[in-house]
Amino acid sequence: VHEAARALDLEHLLNRKPKALSGGQRQRVALGRAMVRNPAVFLLDEPLSNLDAKLRTAMRAEISRLHKRLQTTFVYVTHDQTEAMTMGDRIVVMKNGIIQQNDTPQTLYDYPCNLFVAGFIGSPQMNFLDAVIAEEDGKFLARTCGSSIVLPERMDKQALGAYVGKTVVLGVRPEDVDAAVGPNYDLDATVEIAELMGAEIHLHLDCQGSKVVVRAPSTYPGRVGDAAKLSLNKEKIHLFDKETEQAIAH
């Protein structure tokens, strides 16, 4: 008990009644109760869901440190993708009890296997736009929001060829869209909401009826109602089948 209490910084609280403990202290006690049994596996089922944001961040770091110290497997259930990305060595994304993808956090972020995984990983979540695939002069294009976007050469040409003339879902993350000021841009849009987050602004834009979110520097000059010119990082575009929602190309 004392060893677990020392590891969790609870020694000075051992004589307290549960009702005299804060939410974070109670969570640490729950971890201590598991630790004293020397389990082969820890199962944590949304352990931080009832804590406030500041305490949740502190406990997240504490559990990560505990995991490294004990060198024991932790199975951690959460609906919070930030917890999953920051704490997991591997993430199993599930939907309706079915495993969608099982991989490292970085691979899930870079190569989501379907729309569900793509929308779950990342904050704000990935933008999704309907697009029609076309082929011109040996190059593949995605036509969306009144513009034609040249798809990167590395994308599987055989896979793209099967979708020429068909509507697919084009995905691009908010951090991979630039609210460009210069002449080279991909989409015209209008700023609907600007959320100041401190170091950056989350711009919610209307792009011919489609909604797009952009992470821009806090110095971005645009305001609500202003026109914006969006430039996409072509190397970070994802394409998904509209019917099956499976990834076509990254």
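I'll go through the largest pocket and the largest cavity in this structure, which is a predicted model.

Start with the pocket. The largest one holds about 730 Å³ of space. Its lining is made up of 22 residues, and those closest to the pocket centre are Tyr-76, Val-77, Arg-90, Ile-91 and Val-92.

Where does the lining come from, in terms of helices and strands? At least two residues each come from α3 (53-70), β2 (73-77), α4 (81-87), β3 (91-95) and α6 (115-120). Of the elements, β2 contributes the most, at five residues. Tyr-76 and Val-77, which I listed among the residues closest to the centre, fall within the span of β2, 73-77. Likewise, Ile-91 and Val-92 from that list fall within β3, 91-95.

On chemistry, the pocket lining splits into 13 nonpolar residues, six polar and three charged.

Now the enclosed space. How many cavities of 30 Å³ or more turn up in a search of the whole structure? There is one. The volume of the largest cavity is about 50 Å³.

The residues around this cavity are Gly-138, Lys-139, Phe-140, Leu-151, Pro-152, Glu-153, Met-155, Lys-157 and Leu-160. Two elements to look at here are β6 (139-144) and α7 (157-161), and each gives at least two residues to the cavity lining. By class, the cavity lining has five nonpolar residues, one polar and three charged.

To recap: the largest pocket has about 730 Å³ of space, with β2 as the leading contributor to its lining, and the largest cavity, at about 50 Å³, has β6 and α7 each supplying at least two lining residues.

Conventions: Residues numbered from 1 in each chain as written. Predicted model: local features only at pLDDT ≥ 70, side-chain atom pairs only at ≥ 80, totals over all residues. Heavy atoms only, no water. 1 Å grid on protein atoms, 1.4 Å probe; cavity = no way out; pocket = protein on both sides within 12 Å on 5 of 7 lines; lining within 4 Å. Points joined across faces, edges and corners; volume = space filled by probe spheres on them. Helix = DSSP H or I, 4+ residues; strand = E, 2+ residues; numbered from the N terminus. Nonpolar A, V, L, I, M, F, W, Y, C, P; charged D, E, K, R; others polar.
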